[in-house]
Amino acid sequence: MRSDDEKRIIIILLCIILFILIGVSFCLKALVNDVKSITVSNPDIANIADGIYVREYSVTPVYVKVEVSVTEHKITNIRIV
């Protein structure tokens, strides 16, 4: 049989684990909401000049920087920088 001190330690550890799991679930929910709020548009590629375009976007904890190549009004390459 376990002593009272061991039972208290187990209860405290379980409470800490529970609080950590609740915190992680709130963070993940916020991340999902941030990602859902991203709007994506289709540019009129006919009006975009040839060249290389660099853009970046961040939704904590994700950060991305891309390089898009346009040639003859077509996207010819997309590279994550």
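**Reading the predicted model, term by term**

Trainee: Why is Val35 called partly exposed?
Mentor: Val35 has a relative accessible area of 44%. Buried means under 20%, and exposed means over 50%. The value lies in between, so Val35 counts as partly exposed. Keep in mind that this is a predicted model.

Trainee: Where does Val35 lie?
Mentor: In helix α1, which covers residues 4-36. The C-alpha atom of Val35 is 9.6 Å from that of Thr60. Along the chain, these two residues are 25 apart.

Trainee: What makes Arg8 and Asp5 a salt bridge?
Mentor: Their closest N and O atoms are 3.3 Å apart. The cut-off is within 4 Å, between a side-chain nitrogen of Lys or Arg and a carboxyl oxygen of Asp or Glu. The pair therefore qualifies.

Trainee: How far apart are Arg8 and Asp5 in helix α1?
Mentor: Three residues, which means about one helical turn separates them.

Trainee: Are Arg8 and Asp5 buried or exposed?
Mentor: Arg8 has a relative accessible area of 52%. Asp5 also stands at 52%. Exposed means over 50%, so Arg8 counts as exposed, and so does Asp5.

Trainee: How many salt bridges does a search of the whole structure find?
Mentor: Two. Besides the pair in the helix, Glu67 forms one with Arg79. The closest N and O atoms there are 3.4 Å apart. That pair links distant parts of the chain, with Glu67 in strand β2 and Arg79 in strand β3, twelve residues apart.

Trainee: How do you know whether Glu67 and Arg79 are buried, partly exposed or exposed?
Mentor: Set each value against the limits. Glu67 has 18% relative accessibility. Buried means under 20%, so Glu67 counts as buried. Arg79 has 40%. That value is between the two limits, so Arg79 counts as partly exposed.

Trainee: How do you know that β2 and β3 pair?
Mentor: Count the bridges. Strand β2 (residues 62-71) and strand β3 (residues 74-80) share six of them. Pairing needs at least two, so the strands pair, in the antiparallel sense. At one position, Val70 stands opposite Ile75 in β3.

Trainee: What do β2 and β3 form, and how many residues are between them?
Mentor: A hairpin, with two residues between the strands. Glu72 sits in the turn and has a positive phi of about 50°.

Trainee: How many bridges join β1 and β2?
Mentor: Nine, in the antiparallel sense. The requirement is at least two, so β1 and β2 pair too. Tyr57 has Val64 in β2 as its bridge partner.

Trainee: What is the order of the strands in the open sheet?
Mentor: β1-β2-β3, three strands with antiparallel pairing.

Trainee: What makes β1 and β3 edge strands?
Mentor: Each pairs on one side only. As for twist, it averages 25° from one strand to the next.

Trainee: What is the volume of the largest pocket?
Mentor: About 690 Å³. It is lined by 19 residues, and the closest to its centre are Val40, Ser41, Arg55, Val66 and Val68. The elements giving two or more residues to the lining are β1 (51-59) and β2. β1 supplies the largest share, six residues.

Trainee: How do the lining residues of the largest pocket divide by type?
Mentor: There are 14 nonpolar, three polar and two charged. Val counts as nonpolar, Arg as charged and Ser as polar. Of the residues closest to the centre, Val40 therefore belongs with the nonpolar group, Arg55 with the charged and Ser41 with the polar.

Terms used:
Residues numbered from 1 in each chain as written. Predicted model: local features only at pLDDT ≥ 70, side-chain atom pairs only at ≥ 80, totals over all residues. Heavy atoms only, no water. Helix = DSSP H or I, 4+ residues; strand = E, 2+ residues; numbered from the N terminus. Buried < 20%, exposed > 50% of the residue type's maximum accessible area, 1.4 Å probe, protein only. 1 Å grid on protein atoms, 1.4 Å probe; cavity = no way out; pocket = protein on both sides within 12 Å on 5 of 7 lines; lining within 4 Å. Points joined across faces, edges and corners; volume = space filled by probe spheres on them. Axes fitted to C-alpha atoms, helices over the stretch in contact; angles between N-to-C directions.
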